[in-house]
Amino acid sequence: MNPNDLRFTKTHEWIAADGTVGISDHAQHEITDVVFVDPPKEGKTFKAEEPACAVESVKAAFDIYAPVAGVVTAANKDVAANPALVNQSPYEKGWLYKLTMTSPSDRDKLMTHAQYQEFLKTATH
Amino acid sequence: MKKTPFNDLHKQAGARLIDFGGWEMPVQFQGILAEHKAVREKAGLFDIAHMGQVWVWGEAFDFLQKVTTNDVSKLKPGQGQYTLLCREDGCVVDDLYVYKFDEHRYFLVVNASRRGVDVPWLKSHAAAGVKIEERMDGAGLALQGPSAEAVGRFLFPGALHLKKNEIMELPWEGSTLIVSCTGYTGEEGFEIFGEAPVLVALYPRILAAGAVPCGLGARDTLRLEMGYRLYGNDLDEKHSALEAGLSWVVKFEKGDFLGRESLLREKEKGPARRIAAFKLKEKGVPRHGHEILFNGRRVGEVTSGTFSPSLSVGIGMGYVDNAAFPKGAEGSLAVKIHDRAVPAEAAALPFYVKPVHVL
């Protein structure tokens, strides 16, 4: 997926127009080597900013938040089996789960890739 | 924050730096998994300049025999041993290496986080004929891995005859290096101590000879796979040497030493707690502070836990109550990770045993 087609949260998740969710390249770099992914179960409902998925690196565990409210329709079985995909391909093979958004317009309120890049410059240092 | 003489080199190499007991140290360069693999399969180079280097001169033998738990009389010149400093009550002040150069000259390597405690502790127990001096101009490197010897061959061929736990002084370009055949990874290799500028000049040459720079992240996964204790996690002043499972370096038969009486009483009675090692049977990474459950009851806490890169499972250890969870007891073991009891099994140490290659 082209990052320019994605929307980003301040907690470094991305969401595609079809509801696919993952973490940003910046996030995978900060998390370092991902060794476990615990994706949410299909049918589970989340509010925006609720922890939806757990990702663990050698050094620490991270909660990945739902970017918008919705219902989980699919989880990426490949990342569960091969967690390094999150590092290697954060915008393609390393997606985490798919949501049916409660209100698709919620996504429009999130940052564009360009806005997210600006946000990183101000937020991380 | 304190910096080692390699700090600029780490920054130039793009290392991720963290605060480790007041020292700015690299936690990783290319990544913990890649560095771990490099040490298990080839060779890695660690900055260990934060560790304390202490000289003991004079009536050193009697003093060290009294203040450490292992038997210093077993050391011949050029040999070292893993040992402990214990308090009178048997709790651990630090774990360290004691190397003998001769009857009146010993070299100690102590934990970075305990330098400020150990040196005054040693001085307070030393008689008039003992001189204790912490080396402040020094640095240290650990070259570890099956290719360490091949890497070292170019640089210090004079040290290649060293066997496990042996040490020597090596004349080196107008200076003197101290090279020992020791490490904290379970792999073959060397630890190299010397004057800071000399080691800073040596550092890129060791990398050029084929070693990969490694950080504290890989150092932790490597040592934990071997079951080596880490002071501050698995060892502290609240747990005795016997509870820590280090009775193999507590030599009661050598005569009097600091902590002997308490440890002997504890040995007769049986320690209340022990360090238990475990492997997870399902996905998860046990971490410091997680509860250890036996038949659903809390019996202890994880002191060190990680994902084992070599075994691809969560591994860890922690103090458990011997009455609530007797060694070898049948029952269900688990570690509570984020409110979930993840099933585990008791493990023997080391977790990782090097595969034997048959040609």
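A polar contact, as I use the term here, is a pair of N or O atoms within 3.5 Å, where within protein one must be able to donate a hydrogen and the other to accept it. With that in hand I looked at where the two chains of this predicted model meet, and I counted 12 residue pairs in polar contact between chain B and chain A, both residues of each pair at pLDDT 80 or more.

**Entry 1: the interface**

I looked up which elements of chain B face chain A, and found that β3 (23-28), α2 (32-41), α7 (216-225) and β17 (297-308) of chain B each supply at least two residues of the touching side. Sorted by class, that side of chain B has 6 nonpolar, 7 polar and 3 charged residues.

I then noted the extent of the contact, to which chain B gives 16 residues and chain A gives 14 residues. The two chains bury about 1300 Å² between them, and 55% of this lies on carbon and sulfur atoms. On the chain B side, R16(B), K283(B) and R287(B) supply 41% of the area buried against chain A, which is more than any other three residues.

How many salt bridges does the rule find across the interface? I found 1 between chain B and chain A, and in it the side chain of R287(B) meets that of E56(A) at 2.6 Å, N to O.

**Entry 2: helix α5 of chain A**

I turned next to helix α5 of chain A, residues 113-123, where the buried residues are H113(A), Y116(A), F119(A) and L120(A). Seen down the axis of α5(A), these buried residues fall within an arc of 110 degrees, so they line one face of the helix. They pack against β1 (7-8) and α1 (25-31) of chain A, whereas the face turned away from the buried side carries the exposed residues A114(A), K121(A) and T122(A).

Within this helix I also looked up Q117(A), which counts as partly exposed because its relative accessibility is 33%, a value between the 20% and 50% cut-offs. The side chain of Q117(A) makes a polar contact with the side chain of H113(A) at 2.8 Å.

I recorded a salt bridge between E118(A) and K121(A) as well, their closest N and O atoms being 3.1 Å apart. Both residues lie in α5 of chain A, 3 residues apart, which is about one turn of the helix. E118(A) is partly exposed at 44% relative accessible area, while K121(A) counts as exposed at 58%.

**Entry 3: salt bridges and a strand in chain B**

Over all chains I found 25 salt bridges in the structure. One joins the side chains of R105(B) and E169(B) at 2.7 Å, N to O, and this pair links distant parts of the chain, with R105(B) in strand β8 and E169(B) in strand β11, 64 residues apart. R105(B) is partly exposed at 22%, and E169(B) is partly exposed at 31%.

Another salt bridge brings E291(B) and R298(B) together at 3.9 Å, N to O. I noted, too, that salt bridges sharing partners join R40(B), E187(B), E225(B) and K354(B) into one network.

Last, I looked up E345(B), which sits in strand β20 (residues 340-346) of chain B and is partly exposed at 36% relative accessibility. Which residues does E345(B) contact, leaving aside its neighbours within four places in sequence? They are A277(B), F278(B), K279(B), K281(B) and L333(B); the C-alpha atoms of E345(B) and A277(B) are separated by 8.6 Å, although the two residues are 68 residues apart along the chain.

Key: Residues are numbered from 1 along each chain as its sequence is written. Chains are lettered from A and ligands numbered from 1 in the order in which they are written. This is a predicted model: local features need pLDDT of at least 70, side-chain atom pairs count only at pLDDT 80 or more; totals for chains, interfaces and linings use all residues. Side-chain values use heavy atoms; hydrogens and water are left out. Contact means heavy atoms within 4.5 Å. Buried area is the accessible area (1.4 Å probe) that two parts lose on being put together, summed over both. A salt bridge is a side-chain nitrogen of Lys or Arg within 4 Å of a carboxyl oxygen of Asp or Glu. Helices (H or I, at least four residues) and strands (E, at least two) are DSSP runs, numbered from the N terminus. Ala, Val, Leu, Ile, Met, Phe, Trp, Tyr, Cys and Pro count as nonpolar, Asp, Glu, Lys and Arg as charged, and the others, Gly among them, as polar. Buried means under 20% relative accessible area, exposed over 50%, partly exposed in between (1.4 Å probe, protein chains only). The arc is that of the directions from the helix axis to the C-beta atoms.
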